[in-house]
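Student: I am new to this structure and would like a close look at a single part. Please start with one residue, then show me its contacts and surroundings.

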Amino acid sequence: MKKMSKIYTALIFAFLFAPIVILLVFSFNASKSLSVFSGFSFKWYRELLRDGETLISLKNTLILAFSASIISTVMGTAAAVGMHKLRNRYLRAAMDSVTNIPMINPDIITGISLMLMFVFVGSRLGRATSLGFGTMLIAHITFCLPYVILQVLPKLQQMDKSLPEAAMDLGCTPMRAFLRAELPEILPGIITGMIMAFTLSLDDFVISYFTQGNNFQTLPIRIYSMTKKTVTPKMYALATLIFFTILALLLASNFIGDEDTRRLREERQKRRGKAAQPKKRRRELSEKTKRRIVYSALGVAAAGALLFALIPPQPQVLNVYNWGEYISDGSEDSLDTIAAFEDWYQETYGQRIQVNYATFTSNEDMYAKLKSGAVSYDVIIPSDYMIARMREENMLLPLDYGNIPNYENIPDNFRNLYYDENNEYTVPYTYGVVGVIYNANAVDEADAEGWDLLWNKKYAGQILQFNNNRDAFGTAMYKLGIDVNTADKADWDRALAELKDQNPLVKSYVMDEIYNMMESGEAAAAAYYAGDYFTMLDAQADNVDLQFYYPERTNYFVDAMCIPSCCQSKELAEIFINYMLSEEPAVANAEYIYYASPNRLVYENEDYIDEMGEEAMDILYQGQDKFQENYNAYAYRSLDPETLDYVNSLWENLKIN
């Protein structure tokens with residue numbers, strides 16, 4: 001029985017720590033793959049140190065976690081002391097119940113309710129932007145506070161109640177009695193509560209996501225924003241460093257707790273034998289402590305005053321909202337587009353500027369944030385169908401193309417598209433096409449044609465399908481020759497029947513999971529975006545040969561730069577858009593994200609053509625001269641609410657079955 005319990009314990013620990021061990025090992029992988037270890041390297045640790053945006057997010061996370069843990073520890077300790085001194089047991093029970101609510105309440109409910117409260121208060125105060133560092137700090141204190149109380153309150157209950165009374169009988173004030181008699185007794189609980197608050201704040205994503213402003217991004221949100229493509233191994237390196245830091249912190253806290261227990265035991269033994277002498281020493285120590293506190297406070301105040309005096313005037317701010325991993329950011333020796341724009345603006349206009357760059361994970365997330373009025377952005381980069389929706393709801397400002405002379409580099413076949421037929425609101429950023437990615441080592445070349453490959457029974461259990469209803473239904477409707485924007489329910493029923501026929505062949509419904517599954521050879525074929533195919537090529541295993549082709553009928557899409565109606569600096573936003581169309585940043589962005597550019601300065605650039613290679617240019621820019629014709633015929637458009645609800649119900653039916 002004892003042997004079985006040891007085996008069971010070992011299995012539990014393996015289950016808990018195996019993912020961390022895998023992450024640690026692959027942080028030293030020479031390639032991007034998470035399935036094949038190509039060799040030992042510190043490459044990703046070096047990349048991490050060059051990733052300015054990630055390091056800023058890490059700094060923001062640490063600042064937020066330290067601030068939230070210290071404030072919640074002070075408030076939680078005071079609250080625990082107050083609750084402990086309550087004499088009415090019914091009131092104490094009520095306070096205990098109220099304290100537990102933030103811990104058992106779902107994070108998403110807490111995050112949404114806090115966001116609504118901040119937006120409501122901000123609108124009453126007439127603020128254009130309701131969310132920022134302050135709102136995130138309040139939110140983190142809110143969910144950290146109960147955990148501190150939960151750690152301190154038991155220590156107060158275990159403490160000898162006569163200690164503070166005896167101290168006050170000997171002449172101590174209540175505050176001094178707390179500091180000299182009670183605080184040493186509950187100190188282990190306070191330290192444990194502070195560490196727990198720190199780790200909870202460090203780890204939080206859901207509540208931070210809903211209370212995040214446009215100028216303060218934490219590390220969990222930064223990592224989540226990368227899922228438009230895939231989380232790069234430099235994040236594994238960062239996670240490894242954080243893991244060992246937290247581990248060291250926990251070991252230190254346990255050591256401190258043991259030392260405090262030993263010291264308190266020794267002091268009690270001394271008090272029993274020598275009551276008078278320790279009292280004198282305590283009085284002398286208290287005076288020394290007072291002096292240290294005063295000097296420390298004066299030093300912190302002087303340092304704060306000096307820092308405040310040295311802070312330069314705040315520069316003009318531009319808030320940009322884009323997809324995750326959708327701009328060249330300086331990693332892997334690429335151009336840091338945001339930093340380059342700040343430098344260019346200062347050289348050109350003689351003024352310093354600060355760009356707050358934030359990311360979203362879907363058009364719907366971006367729309368919800370702007371619609372709520374919680375944040376204010378100056379430049380956004382949504383997709384075509386969302387642009388059409390926002391334009392209909394008066395959420396976009398018309399552009400002054402006089403401030404965007406580089407717009408002339410956009411050819412006619414990328415103008416007058418349905419979402420902006422009069423060229424008033426948008427400047428195209430990238431475009432793309434959905435195609436089929438397959439492993440040539442697992443798929444016969446004769447089968448790699450059209451959408452039929454994804455319904456081929458020969459590859460049952462090796463096919464991946466989109467895990468979103470519009471793209472999944474799109475593959476079936478393109479295969480059947482049905483209009484993907486139809487309002488006819490019978491057409492959608494036919495597409496559902498086709499997806500049900502495919503269902504037994506599907507290994508998994510995926511989005512970002514496709515990267516590892518295709519790169520490792522775990523799947524044979526999948527539908528996905530052309531630009532992401534090239535990201536997968538960089539990390540494919542040795543036994544995998546990924547190839548790509550377009551079916552004749554498929555989805556064409558455009559992402560474009562716009563200015564939302566909440567913009568605070570319209571002229572500056574137009575200058576930024578114009579800069580993004582200039583050659584250096586446009587080429588750097590196209591090389592980094594692998595999506596096709598509608599900017600002729602990019603696709604006619606000889607260095608860009610050489611860098612991308614013949615295959616990439618053929619795939620990315622295939623049929624560019626007929627883009628408008630194909631786009632008008634096959635692109636997704638916004639569905640009416642009734643049709644959208646019906647499609648959602650069909651999708652739920654498919655996934656349930």
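**Aspartate 447 and its setting**

Tutor: Let us start with aspartate 447, which counts as buried because its relative accessibility is 18% (buried is under 20% relative accessible area, exposed over 50%, partly exposed in between, with a 1.4 Å probe and protein chains only). The model is predicted, so local features need pLDDT of at least 70 and side-chain atom pairs count only at pLDDT 80 or more, while totals for chains, interfaces and linings use all residues. Residues are numbered from 1 along each chain as its sequence is written, and side-chain values use heavy atoms, leaving out hydrogens and water.

Aspartate 447 has a charged partner: it forms a salt bridge with lysine 458, where the closest N and O atoms are 2.9 Å apart (a side-chain nitrogen of Lys or Arg within 4 Å of a carboxyl oxygen of Asp or Glu). Lysine 458 and aspartate 447 both sit in the loop between strand 4 and strand 5 (463-466), 11 residues apart, and the pair is counted as linking distant parts of the chain. Strands here are DSSP runs of E with at least two residues, and helices are runs of H or I with at least four, numbered from the N terminus. Lysine 458 has a relative accessibility of 47%, so it counts as partly exposed, whereas aspartate 447, at 18%, counts as buried.

Now step back along the chain to strand 4, which spans residues 427-439 and has 13 of its 13 residues buried. What does strand 4 pair with? Two strands pair if DSSP finds at least two bridges between them. One partner of strand 4 is strand 9 (residues 556-561), antiparallel to it over 6 bridges; there, glycine 432 has phenylalanine 557 of strand 9 as its bridge partner. Another is strand 7 (residues 525-529), which runs antiparallel to strand 4 and is joined to it by 5 bridges, with tyrosine 438 standing opposite alanine 525. Strand 8 (residues 546-549) also pairs with strand 4 in the antiparallel sense, over 4 bridges, and isoleucine 437 has phenylalanine 548 of strand 8 as its bridge partner.

Back to the charges, for some context. The whole structure holds 11 salt bridges, and the pair in our loop is one to set beside others. Glutamate 642 forms a salt bridge with lysine 489, with 3.5 Å between the closest N and O atoms. That pair links distant parts of the chain, since glutamate 642 lies in helix 26 (residues 641-656) and lysine 489 in helix 17 (residues 489-502), 153 residues apart. Glutamate 642 has a relative accessible area of 54% and is therefore exposed, while lysine 489, at 37%, is partly exposed.

A further salt bridge, between the side chains of glutamate 574 and lysine 570, has an N to O distance of 2.5 Å. Both residues belong to helix 20 (residues 570-580); they are 4 residues apart, so about one helical turn separates them. Glutamate 574 is buried, because its relative accessible area is 1%, and lysine 570 counts as partly exposed because its relative accessibility is 28%.

Finally, salt bridges can also join up: Lys371, Arg389 and Glu393 are linked in a network of them. With these examples in view, you can return to the loop and find aspartate 447 and lysine 458, joined by their salt bridge.
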